[in-house]
Structure formats: C-alpha cells, structure tokens
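Hello,

Here is the structure I promised to pass on. My notes on it follow below the display.

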Amino acid sequence: MVAMPAVERLVGPEEVLQAFLKLDTPPGFKAELIEGDIVVTPPPDGEHESAFALLNRQFMRKAEAEFDLYGTKGLIVPTGRFIPDGTIAPVGHFLNADSWADPAGVLLVFEVTSTNPTKDREQKRRGYAAAGIPCYLLVDRSKGMVTLFTEPKGDDYLARNEVPFGKPLDLPAPFSFTLDTAPLR
C-alpha cells in the first residue's frame with residue numbers, strides 16, 4: 001500500500017461567507033458567522049425566552065422614547081454576521097432593510113447567554129464594539145449577572161456596569177430607565 005500525501009484545501013473568508021449565506025437551517029435554529037466560524041444555535045430554552053420577554057417589556061414600557069425591538073435582525077459587523085437576541089433601534093429603522101443589515105443607527109443590542117456563553121462574553125462583545133453599537137447589554141445566566149457595556153472604541157467597550165441578578169441597572173439616554181433584574185433570579 002502506498003501512502004498518499006495529505007492534501008489540505010485552503011478556504012478563504014469569501015468562500016466561508018458564501019457557504020454561510022447558502023445555509024438552510026432548520027426552523028427555530030440560528031446561524032451566525034462569528035470571527036470566521038459558522039455557529040448554529042438551537043432554539044432557545046424557556047429561561048432564555050423569559051429573559052428576552054422581561055427585557056422586551058421593560059424597554060417598551062419604561063424607556064423615555066419609543067423604539068422598535070427586533071428579535072431576529074441580522075447585523076453585518078466587522079467580525080462577521082451576528083443575530084443578537086435583541087436589537088433596539090429607532091422606530092422603522094429597518095423597514096426597507098435586507099435580511100442582513102448595516103448596524104449604523106442601532107442604539108443597543110442584547111444577548112442572553114445560552115449553550116456557549118463565551119461567544120456572547122467575548123466574540124460578540126468585540127464585534128458589536130467594532131461596529132460602533134453604543135450599548136451592549138449581556139444577561140449572563142451562568143454567572144447570574146447583567147452587564148451593560150458602553151463607549152465602544154476599536155474592538156471593545158471602554159465602560160462596563162455589572163450587577164448581579166436582583167440588583168437594578170441604570171440605562172443611559174435615550175432609554176433613561178432603571179432595568180429591574182430581579183425577575184432574572
């Protein structure tokens with residue numbers, strides 16, 4: 001038997017992007033391109049959806065201004081194509097947008113951790129900062145913490161305010177309300 005040399009096929013970023021854009025994920029699953037990796041996430045569990053609902057209610061009821069909250073809006077960020085758990089933007093902001101949109105004008109994104117919390121804590125935080133999204137709110141279920149990242153600069157945020165579940169978290173303008181995190185416990 002003759003040993004054949006291993007052949008390595010190099011795939012570049014454009015090929016990965018094209019493969020990603022052609023994916024056909026099952027209903028409820030979410031496919032994202034995060035720092036060159038295709039990540040497919042199963043439908044969220046009940047605790048995840050309850051955290052989303054809590055944030056949705058508070059933004060809609062307590063914020064000083066009226067906003068639209070999108071639950072499945074695809075955003076093109078410098079490090080990939082992300083679908084935040086929640087995207088808050090001015091009313092009608094994405095009215096004529098394609099499935100994947102420029103994040104310019106987005107006011108806040110939020111993530112509720114699930115099966116891969118490191119993705120939300122690290123890669124997504126850096127991607128949102130690099131896109132210039134002013135606020136990133138992270139509900140970290142495994143740590144029992146809510147963190148608000150603000151002041152994006154380069155590929156990270158300069159400021160962070162972290163509270164344990166149960167403690168209030170003040171949100172800056174244009175939201176200008178105190179987030180009640182007690183129901184997250």
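**The sheet and what packs on it**

In the pairing of β3 with β6, Leu69 has Ile88 of β6 as its bridge partner. Please keep in mind while reading that this is a predicted model.

The two strands named above run antiparallel to each other, with four bridges between β3 and β6 (residues 86-90). They belong to an open sheet of six strands, whose order is β3-β6-β8-β9-β10-β11 and whose pairing is mixed. At the edges are β3 (67-70) and β11 (156-164), each of which pairs on one side only. From one strand to the next, the twist averages 20°.

Helix α2, residues 46-62, packs on this sheet. The strands α2 touches are β3, β6, β8 (108-112) and β9 (135-140), and its direction makes about 155° with that of β8. Helix α3, residues 117-130, lies across β8, β9, β10 (145-153) and β11. The angle between α3 and β9 is about 170°.

**Two hairpins**

What joins β10 to β11? The two strands form a hairpin with two residues between them. Their pairing is antiparallel, over eight bridges. Within that pairing, Thr150 has Ala159 of β11 as its bridge partner. In the turn, Gly154 has a positive phi of about 65°.

The other hairpin is made by β1 and β2, again with two residues in between. Strand β1 covers residues 30-34 and strand β2 covers residues 37-41; they pair in the antiparallel sense over five bridges. Leu33 stands opposite Ile38 in β2.

**Residues of the β10-β11 hairpin**

Is Thr150 buried or exposed? Thr150, which lies in strand β10, has a relative accessible area of 16%, under the 20% cut-off, so Thr150 counts as buried. Leaving aside residues up to four places away in sequence, Thr150 touches Pro134, Cys135, Tyr157, Leu158 and Ala159. Ala159 in that list is also the bridge partner of Thr150.

Asp156 is in strand β11. Its relative accessible area is 26%, which falls between the cut-offs of 20% and 50%, so Asp156 is partly exposed. With the same kind of neighbours in sequence left out, up to four places away, Asp156 touches Arg125, Ala129 and Glu151. Asp156 and Ala131 are 25 residues apart in sequence, and their C-alpha atoms are 9.8 Å apart in space.

**Backbone points to look at**

Most residues other than glycine have a negative phi, and most peptide bonds are trans. Three places in this model are worth looking up with that in mind.

- Glu35 is not a glycine, yet its phi is positive, at about 50°. Glu35 lies in the loop between β1 and β2, and with a relative accessible area of 36% Glu35 is partly exposed.
- Glu151 is not a glycine either, and its phi is positive at about 60°. Glu151 is found in strand β10, and at 47% relative accessibility Glu151 counts as partly exposed. Glu151 is also one of the residues that Asp156 touches.
- The peptide bond from Ala173 to Pro174 is cis, with omega near 10°. Pro174 is in the loop between β12 (169-171) and β13 (177-179).

**The chain as a whole**

How many helices and strands does the protein chain have? Its secondary structure comes to three helices and 13 strands. The C-alpha atoms fill a box of roughly 70 × 35 × 35 Å, taken along the principal axes.

Of the 185 residues in the protein chain, 42% are buried. Among contacts with a separation of 6 or more, 50% are between residues 24 or more positions apart. The accessible surface of the chain comes to about 10,100 Å², and 53% of that surface belongs to carbon and sulfur atoms.

As for charge, the chain has 19 positive and 26 negative side chains. The centres of these two sets lie 4 Å apart.

Regards

Terms used: Residues numbered from 1 in each chain as written. Predicted model: local features only at pLDDT ≥ 70, side-chain atom pairs only at ≥ 80, totals over all residues. Heavy atoms only, no water. Pairing = 2+ DSSP bridges. Axes fitted to C-alpha atoms, helices over the stretch in contact; angles between N-to-C directions. Contact = heavy atoms within 4.5 Å. Buried < 20%, exposed > 50% of the residue type's maximum accessible area, 1.4 Å probe, protein only. Areas by Shrake-Rupley, 256 points an atom, 1.4 Å probe, with all protein chains shown as cover. Lys, Arg positive; Asp, Glu negative; His and termini not counted. Charge placed at Lys NZ, Arg CZ, Asp CG, Glu CD.
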